Amino acid sequence: MNRLYPHPIIAREGWPFIGGGLVLSLLMSACCGWWSLPFWIFTVFALQFFRDPAREIPQDPEAILSPVDGRIVVVERARDPYRDTEALKISVFMNVFNVHSQKSPADCTVTAVEYNKGKFLNADLDKASTENERNAVLATTASGREITFVQVAGLVARRILCYTKVGEKLTRGERYGFIRFGSRVDMYLPVDAQAQVAIGDKVTGVRTVLARLPLQAPEAVAPTEKPTAAAQAETPASAQTVSTQTAPVQTVSEVAQSEIEAAADKVRNAAEQALKD
């Protein structure tokens, strides 16, 4: 059995719905004729909703793949609430006509799985990321980069299924979960990741590259150091302050002494003039 697609074409999560709908449709057809039409419509809907076709998987090691089909509703810099760090957030909204099987966006090792109970708001809303029922998978890629992908329940969705556990290794494109009936998936990537999609774009699970994440994190830039006392002592004369280049300024005591001497000279001259007269 294929490890990536253990039950291709129709997901196993849908077998009870499809089987039950088919049996009821046949019984209603035999008993009520055209009144069985709603049951047939439900069976066809379940058949298309739980489809899970196998797809070719890009092998570019820097490519972060879309885990689901859907429409991009968020591409922004935000805070990863599970790692408490800045991240590039990309969210994919799924309607009831999209494939709802979740696939791993990269080759990675699961480091944590966090489930949070919550509301069932419209998954297209921003607050669904923090208020709705959700299940987060924290993982580290083969090159050591940390990523987070979160299954978020929607207005109709009432069941989040996650099959992976801490310590397990996921291969890119490998199936790891399913959400029944309308939902959303949030991706939190390191800030140096480069988004390859924009809001409003339609994406295909596994085939579409959401972002490119360098294998190595950028080197941290050391803060600029203040000049030391030794460095200041080596400053050239041209950089010295103006005060060191000008003549010394007379102090207050020197000015007072000169005034006293001038006054004494005036008195002496006046006395000599009086004696002559």
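Select Asp84 to start: you will find Asp84 in the loop between β4 (70-80) and β5 (85-94). Keep in mind on this walk that you are looking at a predicted model.

**Stop 1: two loop residues**

While Asp84 is selected, check the backbone. Phi of Asp84 is near 55°, which is a positive value in a residue other than glycine. Most residues other than glycine have a negative phi. Is Asp84 buried or exposed? With a relative accessible area of 56%, Asp84 is exposed, because the cut-off for that class is over 50%.

Now jump to Val206, in the loop between β15 (202-203) and β16. Here too phi is positive in a residue other than glycine, with a value near 75° for Val206. Turn on the surface and look for the side chain: Val206 has a relative accessible area of 1% and is therefore buried.

**Stop 2: the sheet next to that loop**

From Val206, move along to strand β16 (residues 209-212) and add β3 to the selection. These two strands pair in the antiparallel sense over 3 bridges. For a landmark, pick Leu65, which stands opposite Val209 in β16. Widen the view and you have an open sheet of 3 strands in the order β3-β16-β14, with antiparallel pairing. The edges are β3 (63-65) and β14 (194-195); each has a single partner strand, so one side of each is left without a neighbour in the sheet.

**Stop 3: a second open sheet**

Next, select β6, β12 and β10. They form an open sheet of 3 strands in the order β6-β12-β10, and the pairing is antiparallel. Which strands lie at the edges? They are β6 (101-103) and β10 (159-162), each of which pairs on one side only. Look along the sheet for its twist, which averages 20° from one strand to the next.

Zoom in on β10 and strand β12 (residues 175-180): these antiparallel strands are joined by 4 bridges. One pair to label is Leu161 with its bridge partner Phe178 in β12.

**Stop 4: strand β7 and two partners**

Select strand β7 (residues 108-116), then strand β8 (residues 134-141). The two pair in the antiparallel sense over 8 bridges. Thr109 makes a good marker here, with Thr140 in β8 as its bridge partner. Then add strand β11 (residues 169-170), which pairs with β7 in the antiparallel sense over 2 bridges. Cys108 stands opposite Leu170 in β11. Strands of a sheet pair through backbone hydrogen bonds, so switch on the backbone atoms for this stop.

**Stop 5: the helix pair**

Finish with helix α1 (residues 15-32) and helix α2 (residues 37-49). They pack at an angle of about 160°, and their axes are 8 Å apart. An angle over 145 degrees counts as roughly antiparallel, and α1 and α2 are therefore roughly antiparallel to each other. Their crossing is left-handed.

Show the side chains in between. On the α1 side, the residues making the contact include Phe17, Leu22 and Met28, and on the α2 side they include Trp40, Phe42 and Leu47. What classes of residue make up the contact of α1 with α2? There are 11 nonpolar and 4 polar residues, and no charged residues.

One last selection is Val23, also in helix α1. At 48% relative accessibility, Val23 counts as partly exposed. Draw a distance from Val23 to Phe39: the two are 16 residues apart in sequence, and their C-alpha atoms are 9.3 Å apart in space.

Conventions:
Residues numbered from 1 in each chain as written. Predicted model: local features only at pLDDT ≥ 70, side-chain atom pairs only at ≥ 80, totals over all residues. Heavy atoms only, no water. Axes fitted to C-alpha atoms, helices over the stretch in contact; angles between N-to-C directions. Parallel < 35°, antiparallel > 145°, perpendicular 65-115°, else oblique. Left-handed = near helix turned anticlockwise from the far one by under 90°. Contact = heavy atoms within 4.5 Å. Nonpolar A, V, L, I, M, F, W, Y, C, P; charged D, E, K, R; others polar. Buried < 20%, exposed > 50% of the residue type's maximum accessible area, 1.4 Å probe, protein only. Pairing = 2+ DSSP bridges.
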